[in-house]
Amino acid sequence: MKNYFLLFSCMLIFVCTAFATQPRKVLVIGIDGTRADALQTAKTPNIDALLNNAFYTFDSWHLDITVSGPSWSSIMTGVYHQKHGVTNNSYSGSNYNNYPYFPTRAKEYKPNLYCVQIAEWAPMSDDVYNDGWNLKLKVPDGQGTPTENAAVTQLANPNLDVLFVYFDAVDLAGHSSGFNPANPSYIAAIENVDGHIGGILNALYARPNYANEDWLILITTDHGGIGTGHGGNTNQERHIWWIASGNNVSPRQLTNRPDPGSYQISGVNQSVRRQSPVQADVAVTALHHLLYDLNFKPDTVSKWNLDGISWLDSIYATSGTRNLKYNIAVEFFPNPSASSVQFTFPKALDQSTRFELLDMSGMVCRQEDLMPGAERFALSVAGLAKGAYLARFSSAEASATLKLMVE
Ligand SMILES: [Zn+2]
């Protein structure tokens, strides 16, 4: 019996440390040329899984030039073309020295951040300067698999802080056969990219220190399309979408958001524009997340003169989890497991805590509400498919996510 306890103690896997601060990291996924209605039509189980923990809208409106160069510049710099200077895909006229990509801005305060871009589209990889990347990888255009593989490799690096992954295939399909939710080729391209996103997310969840990291995943597109093109001001080109997802994000969808207008037509109504996140808000929200511990909002830094705003307070606000005071300390045994898993809390739970077991598609397979004072919890995994799962504990002020294997 004594030996049994010794064995038990040795095999405990200590996953989270109470009172630790989770390092905040950012994954930006860009899917070129994806209309909001088409994304909703396509079968995208991996993006859908992210929506379970997302602040998001399918009513984001393009405010500027509906062309890739200027649009991705707005997404990554947090300002529009009047400041970043990019008005076409040649990137001529770029003013990145005054309005750089958000990793450059983040490094003004945290120079040791390690930031990587993986892009399929050559102009983004070749012509964008002062972008703050430590590593910039050009992968074959429109293929997806090399992009996914490169992202998986980068995510294995424990020091990675910011990853931007860019997919081009949806835009290529739109140009060849139509930007239209009724076009099967266009929809298939979206579904194919979703599969690659699934591979990238699995690599994210498999990071050795994932349970102690706070990843904000931002996904958006640069424009929609009409017929086989884009660049104009129709709703089909301007009606886009915006997703921010993460373990600590309070799920919330913004619907029926009005169109604030466009700089290309008669200007933007700034109060309407604040009713829904837009492109420039990606960079600013990412920056806020990376610099959160410094206690200022990037959109209030006058020397940066950003156009975008941070949605971070909205993203984390509704349940108060942004005030996370600590991680829940959890030990569990055995892992892998074939029948049951015993979770123990070295410090008894001090609040009611929701437990969820999610499969890698994000589907909740088990759920239980744990009472304050709980010190342990047994989970049956009998009957579950073999593979990796995420066990998530969350209360109003604390959380923990751990990976467990069922065999
Ligand atoms: Zn295009």
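How many residues of helix α13 (residues 280-290) are buried? The count is 11 of its 11 residues, so to speak of a mostly covered helix is fair, where buried means under 20% relative accessible area, exposed over 50% and partly exposed in between, with a 1.4 Å probe and protein chains only. Among them are Asp281, His288 and His289. Helices (H or I, at least four residues) and strands (E, at least two) are DSSP runs, numbered from the N terminus.

Before going on, I should say that this is a predicted model, in which local features need pLDDT of at least 70 and side-chain atom pairs count only at pLDDT 80 or more, while totals for chains, interfaces and linings use all residues. Residues are numbered from 1 along each chain as its sequence is written, and side-chain values use heavy atoms, with hydrogens and water left out.

Let me turn to the metal. The zinc ion is coordinated by Asp171, through two OD entries, and by the NE2 atoms of His175 and His230, at 2.0 to 2.5 Å; donors are N, O and S atoms within 2.8 Å of the metal (3.2 Å for Na, K and Ca), and because water is not among the atoms, sites may look incomplete. The angles subtended by the four donor atoms run from 55 to 151°, which makes the arrangement irregular, given that four donors count as tetrahedral if all angles lie between 85 and 135 degrees, that four count as square planar and six as octahedral if opposite donors are over 155 degrees apart and all others between 65 and 115, and that anything else is irregular. Asp171 and His175 are separated by about one helical turn, because they are four residues apart in helix α9 (residues 169-177). Asp171 is buried at 7% relative accessible area, whereas His175, at 36%, counts as partly exposed.

Next, the aromatic rings. Rings of Phe, Tyr and Trp (its six-membered ring) pair if their centres lie within 6.5 Å, with planes under 30 degrees apart counted as stacked, over 60 as edge-to-face and the rest as tilted. By this rule there are 22 aromatic pairs. One of them, Phe55 with Trp311, is tilted, at 5.6 Å centre to centre and 35° between the planes, and it links distant parts of the chain, 256 residues apart. Trp72 and Tyr166 form an edge-to-face pair, at 5.5 Å and 85°, and both of these residues are buried.
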